[in-house]
Amino acid sequence: MISFQSKLPQTGTTIFSVMSSLAQQAGAINLSQGFPDFDCPPELVKLVDQAMQSGQNQYAPMPGVLALREAICAKTESLHGQIYHPENEITVTAGGTQAIFTSICATINPNDEVIIFEPAYDCYAPAIQLMGGVVKRMELEPPDYRINWNMVRRLISSRTKMIILNSPHNPTGTVLQEEDIKELITLTRNTDILILSDEVYEHIIFDGQQHRSMARYPELAERSLICASFGKLFHVTGWKIGYCMAPSWLMTEFRKVHQFNVFSVNTPVQVALAQFMQVKEAYLGLAGFYQQKRDFFRDGLANSRFKMLPCAGSYFQSVNYSHLSEDNDLFFAKRLITEVGVAAVPNSAFYSKKTDFGILRFCFAKKQETLEKAVEQLLKV
């Protein structure tokens with residue numbers, strides 16, 4: 001028998017894969033995994049085809065196609081007033097998750113402490129643990145999931161290396177407010193604490209609210225790795241393409257890792273995205289596009305027995321069912337698939353301690369007919 005010790009002994013298959021598989025087996029409407037069931041703009045597909053037909057099919061430069069990095073630079077300067085130099089401060093990645101993973105690999109050493117806020121996207125903690133880091137968790141509670149910054153201060157020690165933030169937030173749909181930014185600036189000033197800012201839903205923000213990117217604030221930008229996703233931007237999650245922005249001294253470390261775990265990303269897709277980003281409405285119109293879907297879904301469930309939680313951004317709507325059943329959220333979510341025909345994700349999956357508030361997360365990045373059928377089914381609960 002070969003002796004082997006797992007580096008992630010407590011880690012199994014992600015809840016997204018589990019619930020999607022159950023939905024497929026039951027023929028249920030899948031509102032669990034966060035991906036659109038509609039196509040991306042046909043113009044973008046044509047641009048990819050043109051790039052392929054023109055022979056741009058070999059390795060891209062390790063940091064990414066320069067024209068795409070220049071387009072990212074222009075977008076960021078226009079929206080946030082911060083210039084990230086295409087040559088040494090922007091790297092194109094194989095999706096947002098790779099950008100996050102590489103950021104952690106490049107900066108976290110054994111026994112470094114990293115503060116995360118739960119419920120949290122499930123890739124943060126495993127990446128920290130793989131690097132020998134120590135995860136310092138702070139649990140946020142419904143319905144508003146606000147950060148208690150006094151509690152954050154108590155978590156900080158001489159070994160604190162990084163704080164990971166996600167806004168708009170998955171799974172809760174909350175967004176950072178100006179008071180959060182002020183607290184973060186005060187908290188990190190005159191420290192060596194880095195910030196990893198997961199901003200993959202940056203343009204999916206509602207009710208006229210503003211996305212407060214770390215790029216917008218010089219004191220935070222100088223210590224931040226900002227990760228983003230074209231998959232979320234243009235409804236192409238299957239293309240697995242994103243990017244990371246950081247000051248040059250941090251990007252140097254990021255690229256040391258990136259060149260060995262990915263090296264470079266799909267060339268024709270990068271060429272196409274560089275051209276397509278010139279149509280600014282393609283991403284500036286996302287807020288209105290998804291707010292219409294959010295409002296339809298919320299309005300449709302207004303007469304249901306579920307209690308709606310706030311949703312200020314992302315394409316996820318959380319609901320509370322605890323007044324309807326004493327079932328734990330995983331069991332209730334499985335019952336919803338088999339008895340109602342709709343798949344959701346139990347919120348406890350985003351907590352390391354499986355903290356259960358009786359809340360489910362639905363994805364509303366779906367076609368109108370998909371949402372109509374889902375609402376019809378959920379009204380039967």
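**Strands, a helix and salt bridges: how do we know?**

Tutor: Strand β10 (residues 316-320) and β13 run antiparallel and are joined by five bridges. Keep in mind that this is a predicted model.

Student: What makes β10 and β13 a pair?

Tutor: Two strands pair if DSSP finds at least two bridges between them, and β10 and β13 have five. For a concrete spot, look at Gln317, which stands opposite Phe362 in β13.

Student: And what makes β12 and β13 a pair?

Tutor: The cut-off is at least two bridges, and β12 and β13 have two, in the antiparallel sense. Val345 has Arg361 as its bridge partner in β13.

Student: How do you know that β13 is largely enclosed by the rest of the structure?

Tutor: Count its buried residues: five of the five, so the strand is largely enclosed. Both faces are covered, with Ile359, Arg361 and Cys363 buried on one side and Leu360 and Phe362 buried on the other.

Student: On to α1. How do you know that the span of this helix agrees with what it should be?

Tutor: Helix α1 has 12 residues (15-26), which at 1.5 Å a residue should span 16 Å. The C-alpha atoms at its ends are 16 Å apart, so the two agree.

Student: Which residues of α1 are buried, and what do they pack against?

Tutor: Ile15, Phe16, Met19, Ser20 and Ala23 are the buried ones. Seen down the axis of α1, the buried residues fall within an arc of 125°, so they line one face of the helix. They pack against β1 (29-30), α14 (329-340), β11 (342-343), β12 (345-346) and β13 (359-363). On the other side of α1, Gln24 and Gln25 are exposed. Just after the helix, Gly27 takes a positive phi of about 70°.

Student: Gln10 lies in the segment before α1. Why is Gln10 called exposed?

Tutor: Exposed means over 50% relative accessible area. Gln10 has 76% relative accessibility, so it counts as exposed. Its C-alpha atom is separated by 9.5 Å from that of Pro126, 116 residues apart along the chain.

Student: Why is the contact of Glu202 with Lys75 called a salt bridge?

Tutor: The side-chain nitrogen has to be within 4 Å of a carboxyl oxygen. For Glu202 and Lys75 the N to O distance is 3.2 Å, so the pair qualifies. Glu202 is in the loop between β6 (194-198) and α8 (218-221) and Lys75 is in helix α3 (residues 66-80), so the pair ties together parts 127 residues apart in sequence. Both Glu202 and Lys75 are buried.

Student: What does the salt bridge of Glu219 and Arg189 tie together?

Tutor: Glu219 lies in helix α8 and Arg189 in the loop between α7 (178-188) and β6, so this pair ties together parts that are 30 residues apart in sequence. Their side chains meet at 3.0 Å, N to O.

Student: Why is Glu219 called partly exposed?

Tutor: Partly exposed runs between the 20% and 50% cut-offs. Glu219 is at 35% relative accessibility, so that is its class. Arg189, at 40%, counts as partly exposed as well.

Student: Last pair: Asp295 and Arg294. Are they buried, partly exposed or exposed?

Tutor: Arg294, at 7% relative accessibility, is under the 20% cut-off and therefore counts as buried. Asp295 is partly exposed, with a relative accessible area of 26%. Salt bridges that share partners join Asp207, Arg294 and Asp295 into one network.

Student: How many salt bridges are there in the whole structure?

Tutor: A search of the whole structure finds 13.

Methods. Residues are numbered from 1 along each chain as its sequence is written. This is a predicted model: local features need pLDDT of at least 70, side-chain atom pairs count only at pLDDT 80 or more; totals for chains, interfaces and linings use all residues. Side-chain values use heavy atoms; hydrogens and water are left out. Helices (H or I, at least four residues) and strands (E, at least two) are DSSP runs, numbered from the N terminus. The expected span of a helix is 1.5 Å times one less than its number of residues. Buried means under 20% relative accessible area, exposed over 50%, partly exposed in between (1.4 Å probe, protein chains only). The arc is that of the directions from the helix axis to the C-beta atoms. Contact means heavy atoms within 4.5 Å.
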